Amino acid sequence: MADFNKILNAGDYENGEINVVVEIPTGSNHKIEWDRDNACFMLDRVEPIAFAKPCNYGFIPQTLDEDGDELDALIITDQPLTTGIYLTAKVLGVMKFVDDGEVDDKIICVPADDRNNGDCYSKLEDLPKRTLEQIEFHFNHYKDLKKPGTTKVEKFGDLEEAKSVIKSAIKRWEDK
């Protein structure tokens with residue numbers, strides 16, 4: 001397996017496109033994480049099925065969020081994506097998120113070339129309202145059985161705010 005942090009960069013985020021590596025497919029209750037030290041994926045844990053992911057979950061290479069992990073991305077597609085693939089994604093916005101007291105923001109994106117949806121998503125407001133409600137509910141509650149009240153979606157931000165979050169995460173990566 002390739003070390004994504006060595007072969008990919010964050011992408012052309014200033015023009016709204018990023019590279020994203022898929023960790024968890026939509027509908028999975030497996031918490032699969034990129035193990036940076038070993039350059040491979042690992043199963044961290046199995047969550048209750050009630051907390052299966054409402055969308056694909058991945059990371060942006062050569063970035064670090066404030067929690068010390070690569071910056072997370074939520075990839076909206078009609079069908080689940082496969083763990084271990086990467087794609088060029090169009091940034092729509094950011095979900096400002098706190099997990100156990102740590103900033104753990106999520107960039108919300110769609111495939112850059114999505115002919116099934118007619119490339120109709122350009123900003124968060126283009127997504128079905130219900131999609132964002134499901135994402136917010138999931139992240140506010142996915143730890144409720146083990147550590148209730150430790151996660152909070154603070155707000156959703158637009159493309160410009162997402163670009164700022166990505167820029168800061170790239171700088172953290174470069175400074176490490």
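## Exercises on a cavity, a hairpin and Gly-27

The residues lining the largest cavity split into two nonpolar, three polar and three charged. The model is predicted.

**Exercise 1.** Find which residues line the largest cavity, and state its volume.

*Solution.*
- Step 1. The count gives one cavity of 30 Å³ or more.
- Step 2. The volume of the largest cavity is about 40 Å³.
- Step 3. Its lining consists of Ile-24, Ser-28, Asn-29, His-30, Lys-31, Glu-47, Phe-51 and Lys-53.
- Step 4. Sorting this lining by class yields two nonpolar, three polar and three charged residues.

**Exercise 2.** Determine how strands β2 and β3 are paired, and which residue stands opposite His-30.

*Solution.*
- Step 1. Strand β2 covers residues 30-35 and strand β3 covers residues 40-46.
- Step 2. Six bridges join the two strands, which run antiparallel.
- Step 3. Opposite His-30 stands Val-46 in β3; His-30 is also one of the residues lining the largest cavity.
- Step 4. The hairpin formed by β2 and β3 has four residues between the strands. In the turn, Ala-39 has a positive phi of about 55°.

**Exercise 3.** Locate Gly-27 and decide whether it is buried, partly exposed or exposed.

*Solution.*
- Step 1. The loop between β1 (17-24) and β2 contains Gly-27.
- Step 2. Gly-27 has a relative accessible area of 44%. Buried requires under 20% and exposed over 50%, so Gly-27 is partly exposed.
- Step 3. Outside its neighbours within four places in sequence, Gly-27 is in contact with Ala-52 and Lys-53.
- Step 4. Gly-27 and Phe-51 are 24 residues apart along the chain, with their C-alpha atoms separated by 8.8 Å. Phe-51 and Lys-53 are among the residues lining the largest cavity.

Notes:
Residues numbered from 1 in each chain as written. Predicted model: local features only at pLDDT ≥ 70, side-chain atom pairs only at ≥ 80, totals over all residues. Heavy atoms only, no water. 1 Å grid on protein atoms, 1.4 Å probe; cavity = no way out; pocket = protein on both sides within 12 Å on 5 of 7 lines; lining within 4 Å. Points joined across faces, edges and corners; volume = space filled by probe spheres on them. Nonpolar A, V, L, I, M, F, W, Y, C, P; charged D, E, K, R; others polar. Pairing = 2+ DSSP bridges. Buried < 20%, exposed > 50% of the residue type's maximum accessible area, 1.4 Å probe, protein only. Contact = heavy atoms within 4.5 Å.
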